[in-house]
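Please look at the structure below before reading on. The paragraphs that follow lead from the interior to the surface.

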Amino acid sequence: MPLERKLIRFIRDQRFRYKKVHANREPGQEIDPVHKEKFKLLEEIQFEFKSKRKGRPKSDWIEAGWMANYGMLKEHFQKHGGYDTLQHKMPLDRKLMHFIYRSRELYKRVHANRKPGQEIDP
């Protein structure tokens, strides 16, 4: 796994753990010493436990790379009327096929445990 992806996962996990520990705590209840020490170390480096993304407009949340792939896929669909013309041996088509696969996998993960009427957390 690329280093950047590992760092993103680490940040997400720390934010989730912080939120979970504080949400389940009774008033006056001490935090587990291990979690307390980890949170203290992260605070020393000015780690932000709340995502800045939540304060930005939703249109800014989507990465430029994703938008570029989406644009190419949209253009392909408009030109060919579908995706069945993609050929694995063509590098650009292979990239689009991979984008479709990753998008479908993400969709499945997001919707797998969703209850009817439950909103998707951006």
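**From the core to the surface**

In this predicted model, the largest nonpolar core is made up of six residues, namely Val21, Ile31, Phe39, Leu42, Phe47 and Phe49. A second core, separate from that one, has five residues, among them Leu73, Leu86, Phe99 and Ile100. As a general background, nonpolar side chains in soluble globular proteins tend to be buried together.

Phe39 is a useful residue to follow through the core: with a relative accessible area of 4%, Phe39 falls under the 20% limit and therefore counts as buried. Leaving aside residues up to four places away in sequence, Phe39 touches Arg17, Tyr18, Val21, His22, Ile31 and Phe49.

Aromatic rings come next, and the structure holds seven aromatic pairs. In one of them, Tyr18 and Phe39 meet edge-to-face, with 4.9 Å from centre to centre and 75° between the planes. This pair links distant parts of the chain, since Tyr18 belongs to helix H1 (residues 3-23) and Phe39 to helix H2 (residues 33-44), 21 residues apart. The rings of Phe77 and Tyr83, by contrast, have planes at 40° and centres 5.1 Å apart, so that pair is tilted. Phe77 is partly exposed at 39% relative accessibility, and Tyr83 is partly exposed at 37%. Tyr18 and Phe39 also belong, together with Phe47 and Phe49, to one aromatic cluster.

On the surface, Ile62, Trp66, Met67 and Tyr70 form a nonpolar patch whose accessible area together is about 360 Å². Within that patch, Tyr70 lies in helix H3 (residues 64-80) and is partly exposed, with a relative accessible area of 37%.

Note on methods. Residues numbered from 1 in each chain as written. Predicted model: local features only at pLDDT ≥ 70, side-chain atom pairs only at ≥ 80, totals over all residues. Heavy atoms only, no water. Patch = residues over 30% accessible without salt bridge, like charges linked within 9 Å, V, L, I, M, F, W, Y side chains within 5 Å. Areas by Shrake-Rupley, 256 points an atom, 1.4 Å probe, with all protein chains shown as cover. Salt bridge = Lys/Arg side-chain N within 4 Å of Asp/Glu carboxyl O. Helix = DSSP H or I, 4+ residues; strand = E, 2+ residues; numbered from the N terminus. Buried < 20%, exposed > 50% of the residue type's maximum accessible area, 1.4 Å probe, protein only. Core = buried A, V, L, I, M, F, W, Y, C linked by side-chain atoms within 4.5 Å. Contact = heavy atoms within 4.5 Å. Phe/Tyr/Trp six-rings, centres within 6.5 Å; stacked < 30°, edge-to-face > 60°.
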